[in-house]
Amino acid sequence: MTTREQRKDEHIRLALSHPVTQSSFDGIQLVHRSIPAIKRSDISLETQIDSLTLNFPLYINAMTGGSKWAGEINRKLAIISRETDIAMAVGSMHAALKNEELIPTYRIIREINPHGKVFANIGADVPLSSAARAVDMLTADALQIHLNAPQEVVMPEGGRDFSDWLTNIEGIIRSVDVPVIVKEVGFGMSAETLEQLRGIGVQIVDVSGRGGTNFIYIENERRPQKDQSYLSEWGQTTSVSLLESQPFQQEMTILASGGIQSPLDAIKSIVLGAKAAGLSRAVLTEVETNGLEAAIQLIETFKAHMIDISLILGARNINELHQVPYVLSPELESWQRQRNLK
Ligand code: FNR
């Protein structure tokens with residue numbers, strides 16, 4: 001097994017044994033109304049991600065590929081995505097771009113779900129030609145580019161040169177003909193980052209904030225010295241990142257992921273302006289701990305409950321969810337005020 005394959009398996013193993021923290025969405029309260037004045041059949045949560053239409057504002061976010069175990073997990077995630085009719089991303093495709101033998105561990109998702117919405121995934125440092133190859137490999141509907149600087153720094157074998165990322169992302173956007181989603185991996189995004197991304201023409205961003213999978217924890221566990229746990233609170237939570245994104249939401253499509261633990265968290269993320277919510281570790285843990293049927297049930301329950309919550313909020317669609325009034329905790333309100341986000 002190569003170092004890269006070993007790393008993929010360690011990421012999965014550590015994500016499965018990862019501690020769960022309190023949801024960052026606990027700091028947001030949706031305002032109840034006693035007369036919602038709509039019926040359940042009025043509700044459609046279809047959502048528009050740039051030119052891409054998703055039937056439901058939920059997706060399985062990027063995780064894996066590139067080893068035997070990862071390929072098996074991708075096979076199961078693809079079945080979940082097909083059976084529940086939600087979009088799915090694969091994990092970083094660098095392994096397949098470097099070694100053709102590993103392509104099937106990613107391509108399996110297209111074989112299992114030929115008509116589903118599928119996102120390819122690469123890092124911000126890959127050559128332009130590789131970006132197009134990654135999309136072609138899966139006949140992907142969109143391309144995710146992940147930003148993971150803190151993870152690289154804590155990863156013993158990680159990169160230390162981020163100077164080309166912005167120009168490279170700009171080139172990738174020009175060189176592929178599918179929508180490009182720039183995403184974090186659990187450290188969240190700030191208005192400053194969004195300003196940089198908007199400046200180079202990025203239209204879709206997944207803020208993927210702190211509060212769920214923590215790559216400082218995961219990479220620290222892989223370090224022989226385990227000496228960087230003091231960084232484990234690095235980054236912005238998903239709810240803070242969504243507040244940071246609010247000034248950009250007219251021009252950019254914002255997606256939410258990072259510690260979405262419940263259907264209520266997903267709805268809160270949409271109320272804060274996201275167009276859809278992504279789940280990674282929650283699905284991985286369910287499928288690896290309780291099996292495929294349980295994971296399909298988890299997503300079906302998420303979908304049903306997200307509609308139930310929309311019903312009691314009186315919101316018939318994503319636009320009406322964006323209008324739902326909410327109250328922030330003193331901590332979130334203070335962040336919003338200090339950062340002049342309103
Ligand atoms: C990830 N994530 C990730 N993201 C990415 O863009 N490329 C990748 O290769 C990976 N790899 C990966 C492996 C594993 C095992 C996990 C759990 C996650 C990050 C993921 O897409 C997401 O941004 C974060 O995990 C936050 O969401 P959750 O896990 O808190 O729902």
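What share of the contacts in the protein chain between residues at least 6 apart in sequence join residues at least 24 apart? In this predicted model, the figure is 76%.

## The chain as a whole

The protein chain folds into 15 helices and twelve strands. Its radius of gyration is 19 Å, close to the 20 Å that the globule rule gives for 342 residues, so the chain is as compact as a globular protein of that length. If you are setting the scene in a viewer, the C-alpha trace spans about 60 × 45 × 40 Å along its principal axes. As for burial, 46% of the 342 residues count as buried.

UniProt, in an unreviewed entry, lists residues 163–323 as "domain: FMN-dependent dehydrogenase". Over that stretch the chain is 51% helix and 10% strand, and the C-alpha atoms at its two ends lie 39 Å apart.

## The nonpolar core

In soluble globular proteins, nonpolar side chains tend to be buried together. Here, the largest nonpolar core has 93 residues. Those with the most contacts inside this core are Met88, Ala120, Leu143, Val180 and Val205. Helix H13 gives the most to the core, with seven residues.

Leu143 is a good place to look in. Leaving aside neighbours within four places in sequence, Leu143 is in contact with Phe119, Ala120, Ile122, Ala131, Ala134, Val135, Val176, Val178 and Val180.

## Around the ligand

Now to the ligand. The shell around the ligand holds 27 residues, and the closest are Gly91, His146, Gly212, Thr213 and Ser280. The elements that give two or more residues to this shell are helix H1 (3–16), strand E7 (142–147) and helix H12 (281–290). By residue class, the shell divides into nine nonpolar, 16 polar and two charged residues.

Under "binding site", the unreviewed UniProt entry lists Arg7, Lys8, Ser92, Met93, His94 and Gln151. UniProt also lists Glu152 under "binding site", again from an unreviewed entry. Three of these listed positions are set side by side below, with Ile200 added as a loop residue.

| Residue | Location | C-beta atoms within 10 Å | Burial |
|---|---|---|---|
| His94 | helix H3 (94–98) | 19 other C-beta atoms | partly exposed |
| Gln151 | helix H6 (149–154) | 22 other C-beta atoms | buried |
| Glu152 | helix H6 | 18 C-beta neighbours | partly exposed |
| Ile200 | loop between H8 (191–199) and E9 (204–206) | 16 C-beta neighbours | partly exposed |

Why is Gln151 classed as buried? Gln151 has 22 other C-beta atoms within 10 Å, and a residue is buried because 20 or more such atoms lie within that distance. His94, with 19, counts as partly exposed.

The contacts of these residues, leaving aside neighbours within four places in sequence, add to the picture. His94 is in contact with Ile122, Gly123 and Val126. Gln151 is in contact with Gly158, Val185, Phe215 and Glu219. Glu152 touches Gly158 and Gly159.

## Two helices to follow: H9 and H12

Phe215 and Glu219, contacts of Gln151, are among the buried residues of H9. Helix H9 (residues 215–222) is mostly covered, with six of its eight residues buried. Those buried residues are Phe215, Ile216, Tyr217, Ile218, Glu219 and Asn220, and they pack against H1 and H6.

Helix H12, one of the elements in the ligand shell, has Arg281, Ala282, Val283, Leu284 and Val287 as its buried residues. Which elements do the buried residues of H12 pack against? They pack against H1, strand E4 (58–60), helix H2 (68–84), strand E11 (277–279) and helix H13 (292–313). After H12 comes Gly291, whose phi is positive, near 100 degrees.

## A loop residue

Let us finish with Ile200, in the loop between H8 and E9. Not counting residues up to four places away in sequence, Ile200 touches Leu166, Ile169 and Glu170. Ile169 is 31 residues from Ile200 along the chain, and their C-alpha atoms are separated by 8.0 Å.

Conventions:
Residues numbered from 1 in each chain as written. Predicted model: local features only at pLDDT ≥ 70, side-chain atom pairs only at ≥ 80, totals over all residues. Near = placed C-beta within 6 Å. Helix = DSSP H or I, 4+ residues; strand = E, 2+ residues; numbered from the N terminus. Nonpolar A, V, L, I, M, F, W, Y, C, P; charged D, E, K, R; others polar. UniProt positions renumbered as here; feature names shortened; annotations may be inferred. Buried ≥ 20, exposed ≤ 12 C-beta atoms within 10 Å, placed from the backbone. Contact = placed C-beta atoms within 7 Å. Rg over C-alpha atoms; globule rule 2.2 N^0.38 Å. Core = buried A, V, L, I, M, F, W, Y, C linked by C-beta atoms within 7 Å.
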